[in-house]
Amino acid sequence: MAISRFSYASMNVMDVEAAAQHYVHVVGLRETDRDTDGRVYLQAADTQDHHCVILNPAKTAGVDHLGFKVSDRADLDEAAAAVTAYGLPVTRIPAGAVKGQGEGVRFPLPSGQQMLLYFHADKVGYLTGMENPSPVSAHSTPGGRVTHLDHTLISAQNPQDDVKFLTEVLDFSLTEKVIDPAGNTLAAFLTCSHTMHDLAIGPGPDGTFHHMAFGMDSRTEVIHGVDLLKEKAVPALEYGITRHGIAGVTTIYFHDPSGNRNEFYNGAYLAPGAPGWVPPIVWQAEHFPRGAFYYENAVPEAFFAEVT
């Protein structure tokens, strides 16, 4: 099976217009479409597909589903059969049910969050255009200088159940994990592409969303993002700008108006690109604070307690 990458997050928000303003003027996405159900579709500068974030009008915040793209239409049938054989329910999603997107298959992870696999996405092109483009976006473009949606982290009471499903059924690779003294997995970082994680799983209530991360070209761009958060008075985690020990990236966390956590980040290492080619890095639980926040060597209580 060939799941090629994490493509989009379909997010529930209580105020769609406030959220759209945030994702355009703070995060730096461009609005690409709207539908008759009130959803807003947005995309980053360096991705051609129709959307990387969908904003759904809702009474509570959180994630509706996570979209992953496959390399071939036939992968959808293979995935549906494999997930069904594993014992999880599969729903066929017709083309157009998600605007700008072809048919798909949707199913829950063992921890309850919904995953949707699809092959086709309509193209909106790069922000800089598709003919004789400038190599960089205009500095007048609003928001942070994000290039793409990079990864997401969800919460699970037993992360190992999700790891088993993702590696054995969907061919993800485990790149790093955190274990307790008994060897139980407390957190896991998995990839289906060439980056060190497309999907991470941390400790917390089943079915909840921790954050989605937007990639930037350099640490300088992350610093610019922090300046922007201060200028617009967007609440951010007390740690930041900082660095994760896991993956070694430069990072800052903040929230959209509904409370869904976002991240600006830069600097993840590349994964080998095929399942099981290299063993995962292992972090013992007593070293996890340094792995989570390398400079501070401590994890703020709110970091895992606040999920949507």
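The lining of the largest pocket in this predicted model is made up of 8 nonpolar, 9 polar and 4 charged residues. The pocket itself encloses about 420 Å³ of space. Its lining comprises 21 residues, of which Val136, Ser137, Ala138, Arg145 and Glu221 are the closest to the centre. Two elements, strand β9 (146–156) and helix α4 (219–231), give two or more residues each to this lining.

The second largest pocket holds about 310 Å³. Among the 16 residues that line it, His148, Asp150, Ser193, His194 and Thr195 are the closest to its centre. By class, this lining has 6 nonpolar, 7 polar and 3 charged residues. At least two lining residues come from each of β1 (3–13), β9, β13 (209–216) and β16 (261–266). The largest share, 3 residues, is that of β9.

The model also contains 1 cavity of 30 Å³ or more. The volume of the largest cavity is about 210 Å³. Of its 22 lining residues, Leu153, Phe189, His244, Ile246 and Tyr253 are the closest to the centre. Two or more residues of the lining are contributed by each of β9, β11 (185–191), β12 (199–203), β16, α5 (288–292) and α6 (301–305). The lining of the cavity divides into 15 nonpolar, 6 polar and 1 charged residues.

The table sets out the three spaces by volume and by the class of their lining residues.

| Space | Volume | Lining residues by class |
|---|---|---|
| Largest pocket | about 420 Å³ | 8 nonpolar, 9 polar, 4 charged |
| Second largest pocket | about 310 Å³ | 6 nonpolar, 7 polar, 3 charged |
| Largest cavity | about 210 Å³ | 15 nonpolar, 6 polar, 1 charged |

Strand β9 recurs in these linings: it gives two or more residues to the largest pocket, supplies 3 residues to the second largest pocket, and gives two or more to the largest cavity. Strand β16 is listed with at least two residues for the second largest pocket and with two or more for the largest cavity.

**Helix α2**

Helix α2 spans residues 74–86, 13 residues in all, and reaches 19 Å from its first C-alpha to its last, close to the 18 Å expected at 1.5 Å a residue. Its buried residues are Asp75, Leu76, Ala79, Ala80 and Val83. Viewed down the axis of α2, these buried residues fall within an arc of 135°, so they line one face of the helix. The elements that cover them include the strands β5 (62–70), β6 (91–93), β7 (104–108) and β8 (114–118), together with helix α3 (159–168). Just after α2 comes Gly87, which takes a positive phi of about 105°.

**Positive phi outside glycine**

Most residues other than glycine have a negative phi. Asn132 departs from this pattern, with a positive phi near 45°. Asn132 is placed in the loop between β8 and β9, and it counts as exposed because its relative accessibility is 79%, against a cut-off of over 50%. Ala247 also has a positive phi, near 75°. Ala247 belongs to the loop between β14 (236–243) and β15 (250–255). With a relative accessibility of 13%, under the 20% limit, Ala247 therefore counts as buried.

**Two further loop residues**

Ala274 lies in the loop between β16 and β17 (281–284). Its relative accessibility is 16%, so Ala274 counts as buried. In sequence, Ala274 and Phe172 are 102 residues apart, whereas their C-alpha atoms are 8.4 Å apart in space.

Gly207 is located in the loop between β12 and β13. This residue counts as partly exposed because its relative accessibility is 37%, a value that falls between the limits of 20% and 50%. When neighbours within four places in sequence are left aside, Gly207 is in contact with Ser111, Gly112, Gln113 and Ser155. A separation of 17 Å is found between the C-alpha atoms of Gly207 and Ser258, which are 51 residues apart along the chain.

Technical notes
Residues numbered from 1 in each chain as written. Predicted model: local features only at pLDDT ≥ 70, side-chain atom pairs only at ≥ 80, totals over all residues. Heavy atoms only, no water. 1 Å grid on protein atoms, 1.4 Å probe; cavity = no way out; pocket = protein on both sides within 12 Å on 5 of 7 lines; lining within 4 Å. Points joined across faces, edges and corners; volume = space filled by probe spheres on them. Helix = DSSP H or I, 4+ residues; strand = E, 2+ residues; numbered from the N terminus. Nonpolar A, V, L, I, M, F, W, Y, C, P; charged D, E, K, R; others polar. Buried < 20%, exposed > 50% of the residue type's maximum accessible area, 1.4 Å probe, protein only. Expected span 1.5 Å × (residues − 1). Arc of directions from axis to C-beta. Contact = heavy atoms within 4.5 Å.
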